Amino acid sequence: MSEPLFDQQNAAYVQLLYEEFSRNPESVPEAWRAFFSKGPKAAADAGLIVPETLAPEYPPVAPAAPAKAAVAAPPADPDARPPGATTPWPAVEEAVEEPAGSAPADTPTAGDQETVQRLLRVVAKGAALVQALREHGHQMANLDPLGSEPPGHPELDPSFFGTTMEELEEIPASVINPRWGDEPLAGVLRRLHDAYVGSIGYEFEHLEDPDKVRWLWEKVEEGVLTRPLNEEEKKRLLIRLTEVEGLEHFLHRAYLGQKRFSLEGTDMMVPMLDQAVEESAKSGGREVIIGMAHRGRLNVLAHILGVSYRELLEGFEDKPLRDTSLSIPRRGTGDVKYHFGADLPYRLADGSKVNVSLTPNPSHLEFVNPVVEGLVRAKQFSGPDKDLPQELDRVVPILLHGDAAFAAEGIVAETLNLSRLEGYSTGGTLHIIVNNQVGFTAKPTEGRSTRYSSDLAKGYDIPVFHVNADDPEACLATVRLAMAYRARFHDDVVIDLIGYRRHGHNEGDEPSYTQPGQYQTIGDHPTVRTMWAERLADEGIVSGEGAELIQSEVARRLREAQDRVRDEPDEPPPDEEGLEAEQLQPVDTRVSLDALVRLNDEALRTPEGFTVHPKLGRQLQRRVYEFGPDFEVEWAHAETLAFASLLEDGVPIRLSGQDSERGTFSQRHLVLHDAETGEEHVPLEHVGTARFEAYNSPLTETAVLGFEYGYEVGSDRDLVLWEAQFGDFVNVAQVIIDQFIAAGSVKWGQAARLTLLLPHGHEGQGPEHTSARLERFLQLSAEDNMSVAYPSTPAQYFHLLRRQALTPVARPLIVMTPKSLLRHPKATSTVSQLADEGFHSVLDDPSTGDRREEITHLTLCAGKLYYELETHPRRPDLTHVAIGRVEGLYPFPGEALRELVGSYPNLKTVVWAQEEPTNQGALAYIGPRLRSVVPRSIPLKPVARPDRASPAEGKAKDHLKEQKRIVEEALGLRE
């Protein structure tokens, strides 16, 4: 038998045609129909597998090994790609001639073979062009409003593949994609060129999911979602663009030099947000949450959130804000006007409403990203009940990015990495890069190593749509496509809105110092509103006079708002003066003994047939034996009981952190794994009616902590906890701590009861596994903005967690948690202490009893150091020494400390002892405050490590030496 006509790869394409021929001969082009009509033997000899419908007597024939490829070309359609193919580029080889002699009657003649080979070559070239347009079309698209030439790509020219459009006219498009019919392939290629090489550039061929690629091919190529606007939509767009531009021009003239971070050059961002809100509502969205930096924020507040011009102008006029919808606290420092957020109903085109909120953000551009994602996820649960599902379409996140920041800031990558993780997914985010083609004063080539600012997203399997900001219809089309993609696949999508920045980074900068050529071009370039108005005038939709009337009306509204603001008094209304911070109110954190017994059983229950790891099983069983009033619980046991009791109280709980399901120190084990099957079981998910979540976070701190902060802000009464693997690692997230956790309430009135669990203490493990930087949290504490605690017993921790969840005043809680105390034999509490007591900010020495008059030396400390002081070999002989613990550090427990000091009438010395260096830990914070409660007649002495740049020693020997000195000095055993 002669060598088959087709090789392994192009046979896949011909095989599809042959099988289609076997079902309906009229469905394939005439040339192929003539070839296949030669009979099943000819097909088998050519290397095809003969369908049973044609010749059941012929067994399938395996295709021959491929010869050397002459031209590489992709398949034109996903259906034409052979299953399991390792490359999308099927080879087309030159025909292998049959040996001389007459051919059998039922095999292809030489003429047939020449026709088939010519068709195959042309089809392959056409298919290659189709794929090139899909993959590289964006490199020829008209994306830059300032007119720079697109880079182009050689594969977008038919000559690259050795063909011409005239040759492609001979081929029916159906040979590549049956949906295209018998129209000449050249005509289809022209339409594809219009789709892929216009004002929109698409990048989605990198997606790993072929269904997503196929769906995007269909939507882009059919043009359903990229339709032009109708007449009414064009008029509305002109009004919106006039409002956007009018606000910027008014502020520029009226408040020359004041920072506002103008949107001009990417004005279409606002209409795109309008479109995104409309599209989210069509998919069942009830709320849209937006995160952005400062550029364009004032415009978004006014025209998307509906904040009145009066409210915005009060900020420019330095007037007190009255009845404002902005996120401005009634106490505290407030913030600059372009950092505020708002939360207001948005009226849709059909008259219905959805809620839209803009999240407050500091100048740290992209750090709001994970906060928004956490907010969204919390709100996607419609209540605390664990049976309520997460509704991905209920709340939709939109993040607006700067081009320089998206490419350069690590928080962007961290947030993208959260998007498909089980504990963090929000069902897809619409990302819009507001691309000014400059970062402050730096050129793109100085700020990134990639062609596009959006290239990072491709690494996370996210489609990217680039669009020219001066083409309004294209901008809105990308939003329709992006939102449809989000609704269909519940995944992220990026729009790269390529525009320019009409002014400097802020309105006081002179941009031509560093980009003279670019700003000459920008100065001569008309605004998008101007060009859109001219187009509508040319189309006879809105006359030039009509467009000017719209401008005049916008300017009139702004002038009137300014006049009203200037007529307002400069003093704030009386009810805004002298507002005091809400104080922590006492809350009953006790849990009855009967309830604790029952909850302990439920927290250890496993399904029938579930095999707990034998070693872990023995540890957990210890929590059951003789559980009663005098039973001693260790740290993790008390934590589990606190969680269980809160779940029964109806409080949802969310815990995340690196390895937090098990616990860094193998202490927690909230998620059990079957030792034989690996199946997971979470006992607390079956306690009470409220939702319980425990997730191991990715190996990052910044985005995860930002996410948990946002989740807490968005939740009604959830207890949200984040645990650092070691407390030291929290400093990776310092921006989230400084700008959101510590200051969010006084800058934006943003209340949160987020709890940070930070393993802390000098254990001889070196500088990086020692300190959670207690001093930094205390330095940030003011205006009752958060609570900072360093508990030393499981009972204290139990009541602290319950107080945090149950107190009506929401504020963050920072807990210095233990490492060695997790299993310290002395660091236990009785069940009765959980049932009958509460959290004590100050703990007296339990050993002093009735000898209080003998005490002349009072040592005060916090946390773990207490046990080293109490277990020192000389401690029993020191009957004149009392050891008190200050466990609630902020708010400062002045009254409790004054009472403790006063209870020892013969004190001669008070010592504050800490493991940390003098310039770290609590000393700098607590020293001056202790002096205010300790009588001046009593010396107040600090004991600590000397000032250090690093928290701890690297050598265990040095650690032990310093620890011994501190303990002995604190007990008065050495001077």
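Helix α9, residues 269-282 of this predicted model, is a good place to begin. Its 14 residues reach 20 Å from the first C-alpha to the last, close to the 20 Å expected at 1.5 Å a residue. Most of α9 is covered, with 12 of its 14 residues buried. Among the buried ones are Met269, Val270, Met272 and Leu273, and the list also includes Asp274, Glu278 and Glu279. Just after the helix comes glycine 284, with a positive phi of about 95 degrees.

Helix α17, residues 472-489, makes a nice companion to look at next. It has 18 residues and reaches 26 Å between its first and last C-alpha atoms, close to the 26 Å expected at 1.5 Å a residue. Because 15 of the 18 residues of α17 are buried, the helix is largely enclosed by the rest of the structure. Histidine 490 follows α17 and has a positive phi, near 50 degrees.

What about the cysteines? Cysteine 475 is buried, at a relative accessible area of 0%, and cysteine 861 is likewise buried, at 0%. A search of the whole structure for disulfides finds 0.

Two loop residues deserve a look for their backbone angles. Histidine 669 and aspartate 784 are listed here with their settings.

| Residue | Phi | Loop | Relative accessible area |
|---|---|---|---|
| Histidine 669 | near 55 degrees | between β12 (653-657) and β13 (672-673) | 15% |
| Aspartate 784 | about 50 degrees | between α27 (774-780) and β18 (787-789) | 14% |

Phi is positive in histidine 669, a residue other than glycine. Aspartate 784 also has a positive phi although it is not a glycine. With buried meaning under 20% relative accessible area, histidine 669 counts as buried at 15%, and aspartate 784 counts as buried at 14%.

A further backbone feature sits at tyrosine 890 and proline 891, which are joined by a cis peptide bond with omega of about -5 degrees. Proline 891 belongs to the loop between β24 (888-890) and α31 (894-902).

Now to a pair of helices. How do α24 and α25 pack against each other? Helix α24 (residues 702-714) and helix α25 (residues 734-741) meet at an angle of about 25 degrees, and their axes are 8 Å apart. Angles under 35 degrees count as roughly parallel, and α24 and α25 are therefore roughly parallel to each other. On the α24 side, the contact is made by Thr702, Leu705, Gly706 and Tyr709; α25 contributes Ile736, Ile737, Phe740 and Ile741. Sorted by class, this contact of α24 with α25 has 6 nonpolar residues, 2 polar ones and no charged ones. As general background, an α-helix has 3.6 residues a turn, so residues three or four places apart point the same way.

The last stop is leucine 620, found in helix α22 (residues 614-621). Is leucine 620 buried or exposed? At 10% relative accessibility, leucine 620 counts as buried. Which residues is leucine 620 in contact with, leaving aside its neighbours within four places in sequence? They are Leu604, Val612 and Leu672. Glycine 223 offers a view across the model: this residue and leucine 620 are 397 residues apart along the chain, and their C-alpha atoms are separated by 61 Å.

Technical notes
Residues numbered from 1 in each chain as written. Predicted model: local features only at pLDDT ≥ 70, side-chain atom pairs only at ≥ 80, totals over all residues. Heavy atoms only, no water. Helix = DSSP H or I, 4+ residues; strand = E, 2+ residues; numbered from the N terminus. Expected span 1.5 Å × (residues − 1). Buried < 20%, exposed > 50% of the residue type's maximum accessible area, 1.4 Å probe, protein only. Disulfide = S-S within 2.5 Å. Axes fitted to C-alpha atoms, helices over the stretch in contact; angles between N-to-C directions. Parallel < 35°, antiparallel > 145°, perpendicular 65-115°, else oblique. Contact = heavy atoms within 4.5 Å. Nonpolar A, V, L, I, M, F, W, Y, C, P; charged D, E, K, R; others polar.
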